[in-house]
Amino acid sequence: MIDASPQQVFDVLADGWTYSDWVVGTVHVRDVDDSWPRVGSQLHHKAGPWPLSLHDSSTVLACEPPHKMVIKAGLWPAGEAIVVFTLEPVGADRTRVRIGEDFAAGPLRWLRNKLNDLVLHQRNKETLRRLADIATRQKADEAAES
């Protein structure tokens, strides 16, 4: 649960330059298409620790502001995942955010087991915590400007 409206949370998703601030494992955003987050647009990122960092991109597959975004996240040669963010309003100023993530291609697709699911779950919990921090900080900044 995030103490911000779906629009405030979606605004963070819609800012591709913040991706490395809240997506665990992404260490640097190299470029973001001007059309982000329209379907087909990409952000180009670097993931993993140096010197093993991988350069890849993520592509928007679906975008329904402020309720849903679907991204194909690349991390080749490990593979790619389809990530679904669903934002549901709860009351006037809270949002339930769900992340669904499934490996769609590459070796990670066949390495699915309970240990991997646990690691992915913990990673996504931390991702949501970071997303909440940014969304609520932006909410506070907007309130201070009013």
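This passage describes the fold, an aromatic cluster and the surroundings of one histidine in a predicted model.

The structure is a predicted model, in which local features need pLDDT of at least 70 and side-chain atom pairs count only at pLDDT 80 or more, whereas totals for chains, interfaces and linings use all residues. Residues are numbered from 1 along each chain as its sequence is written, and side-chain values use heavy atoms, with hydrogens and water left out.

The chain contains three helices and six strands, where helices (H or I, at least four residues) and strands (E, at least two) are DSSP runs numbered from the N terminus. From the N terminus on, the order of these elements is α-α-β-β-β-β-β-β-α. Of the 146 residues, 38% count as buried; buried means under 20% relative accessible area, exposed over 50%, and partly exposed in between (1.4 Å probe, protein chains only). The chain exposes about 8200 Å², of which carbon and sulfur atoms supply 55%; accessible areas come from the Shrake-Rupley method with a 1.4 Å probe, and for residues only the protein chains shown count as cover. Among contacts (heavy atoms within 4.5 Å) between residues at least 6 apart in sequence, 39% join residues at least 24 apart.

Rings of Phe, Tyr and Trp (its six-membered ring) pair if their centres lie within 6.5 Å; planes under 30 degrees apart count as stacked, over 60 as edge-to-face and the rest as tilted. By this rule, two aromatic pairs are found. In one of them, Tyr-19 and Trp-22 meet edge-to-face, at 5.9 Å centre to centre and 70° between the planes. These two residues stand three apart in helix 2 (residues 19-22), so about one helical turn separates them. The rings of Trp-22 and Phe-85 have centres 5.7 Å apart and planes at 75°, and this pair is therefore edge-to-face. The latter pair links distant parts of the chain, since Trp-22 lies in helix 2 and Phe-85 in strand 5 (residues 79-90), 63 residues apart. Ring pairs thus link Tyr-19, Trp-22 and Phe-85 into a cluster. Trp-22 is buried, with a relative accessible area of 2%, and Phe-85 counts as buried at 4%; Tyr-19 is buried as well.

Tyr-19 is also one of the residues touched by His-45. His-45 lies in strand 2 (residues 42-47) and counts as buried because its relative accessibility is 4%. Not counting residues up to four places away in sequence, the residues that His-45 touches include Thr-26, His-28, Leu-54, Asp-56 and Gly-74. Ser-58 is another of them, and its side chain makes a polar contact with the side chain of His-45 (2.9 Å). A polar contact is a pair of N or O atoms within 3.5 Å; within protein, one must be able to donate a hydrogen and the other to accept it, and residues adjacent in sequence count only if both atoms are side-chain atoms.
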